[in-house]
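Hi there,

Here is the structure I said I would pass on to you. Have a look at it first, and then read my notes below.

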Amino acid sequence: MTGQGSTRGSRHLPAVFLLAALSALAPVVPASSAADAPHPSLSVLEERGGWKPVESPRTFGPDNLYEEIDGEAELFLPYGMERLTVALLGRAAAPGTELRLELFLMASPRDAYGIFSQHRYPDQEVLRVGSSEVAVSDTTADYFRGETFVRIRAKPKEGSRKDVTDLARDVADVLPGDGAPPGEAGILERFEGRIAGSIIYQKRAMLGYECLSPGFEARFSRASASGRLVLLPPVPGKEDERRARLARELPGYRAVTPTLYRADLRSGTLWISRAGASVIGVAGNVSREEAETILSMLAMAVIGP
């Protein structure tokens with residue numbers, strides 16, 4: 001009796017409730033996301049340079065980046081990696097050509113520069129493509145443009161260098177933004193004695209200490225001293241907090257004069273001063289007198305005479 005009553009009742013459920021029940025049981029199909037789509041610049045490469053995909057491009061986000069570059073994901077993620085597009089490209093005019101193009105869309109041009117700076121090394125050969133500095137070899141090219149870090153790889157063969165540089169130019173032509181480094185990197189580039197290709201934008205620990213980041217560093221070598229330059233950009237509203245953290249976390253941190261501080265790092269002495277709201281430093285085989293000279297030069301470059 002009770003069972004029959006329940007059966008009769010279910011036959012008369014309003015249609016809206018039946019639709020809701022069926023919807024709950026149906027598989028959920030996620031809506032397409034712009035983050036899942038390949039980098040938009042890929043679509044115009046064929047028109048510009050005759051580059052055709054050998055296979056469908058693949059995309060990766062922060063959650064599955066390790067599937068494609070396991071072991072490297074930890075480098076990219078702190079710089080706000082939003083999407084990686086990987087494409088294997090061939091050239092209609094040169095059958096058999098195959099290059100791997102990786103387009104890393106980062107959180108900002110500064111972050112894209114940071115990743116580029118991690119891939120560049122001193123005395124590496126560079127090629128100028130507009131405002132971008134491209135680190136090149138016979139089979140590789142690395143550079144950034146706007147918010148995108150570009151990595152190109154080719155198998156060694158006759159003509160691979162031309163293929164790599166041609167693709168680097170064609171990609172640069174279709175990417176938005178420019179390849180000008182951040183202003184702080186420009187300041188360090190003009191420092192007398194700077195070692196070419198040594199400027200790095202660090203989002204994590206610099207000189208082994210988290211309190212020295214984010215910031216820029218560069219290696220230098222002068223007749224009387226050598227080591228590393230440090231430039232920490234302003235942190236509006238948190239200057240006091242940063243000073244307190246430096247004093248708390250840097251070993252042996254102490255004031256030498258009202259404007260000069262010292263810390264005893266594992267790698268050597270770090271001399272610290274301020275230039276406006278920025279923090280500047282020099283570390284390495286540097287005497288106090290040489291440090292004061294270098295810091296004065298840096299301060300003048302940061303805030304002007």
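Five nonpolar, one polar and two charged residues line the largest cavity in this predicted model. The lining is made up of Arg-243, Leu-246, Tyr-253, Tyr-261, Ile-272, Ser-273, Arg-274 and Val-279. Two elements, helix H8 (239-249) and strand E14 (268-275), each give two or more residues to that lining, and E14 gives the most, with three. The space inside is about 60 Å³.

Helix H8 also holds a salt bridge: Glu-249 pairs with Arg-245, with their closest N and O atoms 2.7 Å apart. Because these two residues are four apart in H8, about one helical turn separates them. Both ends are partly exposed, Glu-249 at 31% relative accessible area and Arg-245 at 30%.

Now for a pair that links distant parts of the chain. Asp-166 and Arg-91 form a salt bridge at 3.2 Å, N to O; Asp-166 sits in helix H6 and Arg-91 in strand E3, 75 residues apart. Are these two residues buried or exposed? Buried means under 20% relative accessible area, so Asp-166, at 16%, counts as buried, and so does Arg-91, at 18%.

Try Arg-153 and Asp-142 next, whose side chains also meet in a salt bridge (3.2 Å, N to O). Here Arg-153 is partly exposed at 27%, whereas Asp-142 is buried at 4%. In total, the count comes to 24 salt bridges.

Last, look at helix H5 (residues 109-119), where eight of the eleven residues are buried, among them Tyr-113, Ile-115 and Phe-116.

Happy exploring!

Key
Residues numbered from 1 in each chain as written. Predicted model: local features only at pLDDT ≥ 70, side-chain atom pairs only at ≥ 80, totals over all residues. Heavy atoms only, no water. 1 Å grid on protein atoms, 1.4 Å probe; cavity = no way out; pocket = protein on both sides within 12 Å on 5 of 7 lines; lining within 4 Å. Points joined across faces, edges and corners; volume = space filled by probe spheres on them. Nonpolar A, V, L, I, M, F, W, Y, C, P; charged D, E, K, R; others polar. Buried < 20%, exposed > 50% of the residue type's maximum accessible area, 1.4 Å probe, protein only. Salt bridge = Lys/Arg side-chain N within 4 Å of Asp/Glu carboxyl O.
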